Amino acid sequence: MVRNNWIEGGNRQLDLVDAEDSQILVNHPSYTTTHVYGIVLIEPDGAGNSQIVHYGGDSGTQADYRKGTLYFYNNTVISTRTTNTTLISLSTNDETANVFNNTVYTTASGSNFAMISNNGTFNMYHNWLKTGWKDCHCNPNGVVNDTGNNLAGSDPLFEDFDAQNFRLLQNSPLINQGDVIPAALLPDHNVSQEYAEHQNSTSRDISGDIDIGAYEYSSSLSINDETFDNDAFISPNPTSGISKTDLMNDFIKSVIVYNELGQ
């Protein structure tokens, strides 16, 4: 299980392969089920392999490959590569990815982004993708099943893409467009938290249907006064006039204030 993280750069952002030289792990009941959710995955231009996620195995001993199901949901995937990017590489046709409620955005043309590298079964629904995306940058040995309600567009309307603020504007097409989390994943793998920059988390408060991606839109003006691990003090709160924010250390990257209209 990998959840509520921010992973940027690297050869791949996630390499979920076989447990080499460990039959205890290979024979564990949970070995063939993997959960990845609530994560921001960023592929910079020129960073190692062009695949975001690798699932299955790479030792060459295919009997030890995971040969199961990757549940990949409510993630925000960003690629700034100027060339091709692939979302998931499934090692063999015995691996399956169930991919839903994800935001997949590339600064390149949509046709530069593909779902699989070659093998496996890739089931997708209720994702937002850039118009023009492909099944594969190849003639795949596996299959991509578009099972419905995927959205395509040119801009998911993040608050501030250049500042890596991937929360949603009030008119984002991602709002209320996600699907319910399957009952088989509950309660252990519910989407109840959001990643907070950096190395922190906050509750994910869902109003209506769940939003697509790693963040839930919120137009709330008033929050409880809190002292976070990052030591930010806001007072008075709420207010219709002047408020003061004291930052007690250098971990805070930015402070964003909304009015009751979500502006």
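**Note on the predicted model: charge pairs, a pocket and backbone geometry**

A search of the whole structure finds five salt bridges. The model is a predicted one, and three of the charge pairs are taken up below, followed by two buried acids, a pocket and some points of backbone geometry.

1. **Lys 67 and Asp 94.** The side chains of Lys 67 and Asp 94 form a salt bridge, with 2.9 Å from N to O. Lys 67 sits in the loop between strand S6 (51–55) and strand S7 (69–73), and Asp 94 in the loop between strand S9 (85–90) and strand S10 (96–100), so the bridge ties together parts that are 27 residues apart in sequence. Lys 67 counts as partly exposed because its relative accessibility is 30%. Asp 94 is also partly exposed, with a relative accessible area of 45%.

2. **Arg 167 and Glu 197.** A salt bridge of 3.9 Å, N to O, joins the side chains of Arg 167 and Glu 197. For a salt bridge the nitrogen must lie within 4 Å of the carboxyl oxygen, and 3.9 Å should be read with that cut-off in mind. The pair links distant parts of the chain, 30 residues apart: Arg 167 belongs to strand S19 (residues 165–168), while Glu 197 is in the loop between strand S20 (193–196) and strand S21 (200–203). Arg 167 is partly exposed, at a relative accessible area of 23%.

3. **Arg 204 and Glu 216.** Here the side chains meet in a salt bridge of 2.8 Å, N to O. Arg 204 and Glu 216 are twelve residues apart, and each is placed in the loop between S21 and strand S22 (232–235). Both Arg 204 and Glu 216 are buried.

4. **Asp 211.** This residue lies in the loop between S21 and S22. Asp 211 is buried yet has no salt bridge; Arg 204 is the nearest side chain of opposite charge, at 5.4 Å. What does a polar atom of the Asp 211 side chain lie 2.7 Å from? The partner is the backbone nitrogen of Tyr 217. Arg 204 itself is bridged to Glu 216.

5. **Asp 64.** A second buried acid without a salt bridge is Asp 64, for which the nearest side chain of opposite charge, Lys 67, is 9.4 Å away. Asp 64 is in the loop between S6 and S7, and Lys 67 is placed in the loop between S6 and S7 as well. The side chain of Asp 64 does make a polar contact of 3.4 Å with the side chain of Gln 23.

6. **Second largest pocket.** The volume of the second largest pocket is about 190 Å³. Its lining includes Met 1, Val 2, Leu 16, Ala 19, Leu 25 and His 28, and also Ser 30, Tyr 31, Thr 33, Thr 34, His 35 and Arg 66. Strand S4 (residues 33–37) contributes the largest share of the lining, three residues. By class, the lining residues divide into six nonpolar, five polar and one charged.

7. **Positive phi.** Most residues other than glycine have a negative phi, and most peptide bonds are trans. Lys 67, although not a glycine, has a positive phi of about 45°; Lys 67 is also the residue bridged to Asp 94. His 126 is another non-glycine residue with a positive phi, about 55°. His 126 is in the loop between strand S13 (121–125) and S14. With a relative accessible area of 14%, His 126 is buried.

8. **Cis peptide bonds.** The bond from Leu 186 to Pro 187 is cis, with omega near 0°. Pro 187 is found in the loop between S19 and S20. A cis peptide bond also joins Glu 197 and His 198, with omega about -20°. The second residue of that bond, His 198, is in the loop between S20 and S21, and Glu 197 is the residue that meets Arg 167 in a salt bridge.

9. **Trp 133.** This residue is in the loop between strand S14 (128–130) and strand S15 (134–136). Trp 133 is partly exposed, with a relative accessible area of 21%; the class buried applies under 20%. The C-alpha atoms of Trp 133 and Phe 113 are 5.3 Å apart, although the two residues are separated by 20 residues along the chain.

Definitions and conventions
Residues numbered from 1 in each chain as written. Predicted model: local features only at pLDDT ≥ 70, side-chain atom pairs only at ≥ 80, totals over all residues. Heavy atoms only, no water. 1 Å grid on protein atoms, 1.4 Å probe; cavity = no way out; pocket = protein on both sides within 12 Å on 5 of 7 lines; lining within 4 Å. Points joined across faces, edges and corners; volume = space filled by probe spheres on them. Helix = DSSP H or I, 4+ residues; strand = E, 2+ residues; numbered from the N terminus. Nonpolar A, V, L, I, M, F, W, Y, C, P; charged D, E, K, R; others polar. Buried < 20%, exposed > 50% of the residue type's maximum accessible area, 1.4 Å probe, protein only. Lys, Arg positive; Asp, Glu negative; His and termini not counted. Polar contact = N/O pair within 3.5 Å; in protein donor to acceptor, adjacent residues only side chain to side chain.
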